[in-house]
Every structure is written in structure tokens, then in C-alpha cells.
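Me: I have a model open on my screen and would like to learn how to read it. Could you walk me through it, feature by feature?

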Amino acid sequence: QTLSIGKGKKDKMSKGDVVGFLIKKGGLEKNDIGLIEVKNFFSLVAVKRAKINALVKRVHLQKRKGKKVKVWVD
């Protein structure tokens with residue numbers, strides 16, 4: 001399922017940052033994360049359906065580089 005993150009290239013977010021954020025703050029493992037697309041103002045991440053609801057609750061409004069990150073499911 002697709003997870004949207006409210007940070008993108010303009011916020012200096014990279015694919016590695018997305019993976020690190022989801023693993024450290026979200027408690028995911030590498031094999032739970034699929035395709036990652038980092039656009040200018042947001043990022044899209046494929047995450048296993050079984051883990052998506054708990055993940056959103058854990059990482060919504062967590063901080064990355066000192067700023068809150070909005071996370072939602074498309």
C-alpha cells in the first residue's frame with residue numbers, strides 16, 4: 001500500500017532518509033519497504049499492508065531534521 005510523506009527533494013529528503021526514518025521511527029524492517037519515489041515536495045513509499053496502520057500511528061508528526069513530518073495513506 002502507498003504511504004505518503006510530506007517531505008521531498010526541496011526539503012533535502014533522499015531515499016536513504018526515507019528508509020532510515022521508517023526503520024528507526026516506524027519500527028519497520030528492510031523487507032517491509034518497497035518502491036520509493038521522492039518528488040519535489042513529497043515522497044511516496046510502498047509498505048506492506050499488514051503494517052501500514054500501526055506505522056502511520058507511530059510516525060505521524062515525528063520529527064526529521066528538527067521539523068515535523070506529516071504521514072498519511074493514499
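Me: Let's start with the strands. Which way do strand E2 and strand E3 run, and how many bridges join them?

Reply: A good habit is to look at direction and bridges together. Here strand E2 (residues 33-38) and strand E3 (residues 43-47) run antiparallel, with four bridges joining them. Keep in mind that this is a predicted model.

Me: Which residue in E3 stands opposite Val38?

Reply: That partner is Ser43. The link from E2 to E3 is a hairpin of four residues.

Me: Where does this pair sit in the whole chain? What pattern does the chain follow?

Reply: Read along the sequence, you will meet β-α-β-β-α-β-β-β. That gives six strands and two helices.

Me: How do I judge the overall shape? What radius of gyration does the chain have?

Reply: The idea is to set the value beside the one expected for a compact globule of that length. For 74 residues that would be near 11 Å, and the chain has 11 Å, so the two agree. The C-alpha trace spans about 30 × 20 × 20 Å along its principal axes.

Me: What share of the residues is buried?

Reply: Buried here means under 20% relative accessible area, and 34% of the 74 residues count as such. The accessible surface comes to about 4700 Å², with 53% of that belonging to carbon and sulfur atoms.

Me: What share of the contacts join residues at least 24 apart?

Reply: Take the contacts between residues at least 6 apart in sequence: 65% of them join residues at least 24 apart.

Me: And the charges? How many positive and negative side chains are there?

Reply: Count each set, then compare their centres. The chain carries 20 positive and 6 negative side chains, and the centres of the two sets lie 6 Å apart.

Me: Now the backbone angles. What is the usual sign of phi?

Reply: For most residues other than glycine, phi is negative. Lys12 is not a glycine, yet its phi is positive, about 60°. Leu61 is not a glycine either, and its phi is about 65°.

Me: Where are Lys12 and Leu61 placed?

Reply: Lys12 is in the loop between strand E1 (2-5) and helix H1 (15-24). Leu61 is in the loop between helix H2 (49-59) and strand E4 (62-64).

Me: Is Lys12 buried or exposed, and what does Leu61 count as?

Reply: Lys12 has a relative accessible area of 63%, so it is exposed. Leu61, at 40% relative accessibility, counts as partly exposed.

Methods. Residues are numbered from 1 along each chain as its sequence is written. This is a predicted model: local features need pLDDT of at least 70, side-chain atom pairs count only at pLDDT 80 or more; totals for chains, interfaces and linings use all residues. Side-chain values use heavy atoms; hydrogens and water are left out. The radius of gyration is taken over C-alpha atoms; the globule rule is 2.2 Å times the number of residues to the power 0.38. Buried means under 20% relative accessible area, exposed over 50%, partly exposed in between (1.4 Å probe, protein chains only). Contact means heavy atoms within 4.5 Å. Accessible areas come from the Shrake-Rupley method with a 1.4 Å probe; for residues, only the protein chains shown count as cover. Lys and Arg count as positive and Asp and Glu as negative; His and the chain ends are not counted. The place of a charge is taken as NZ of Lys, CZ of Arg, CG of Asp or CD of Glu. Two strands pair if DSSP finds at least two bridges between them.
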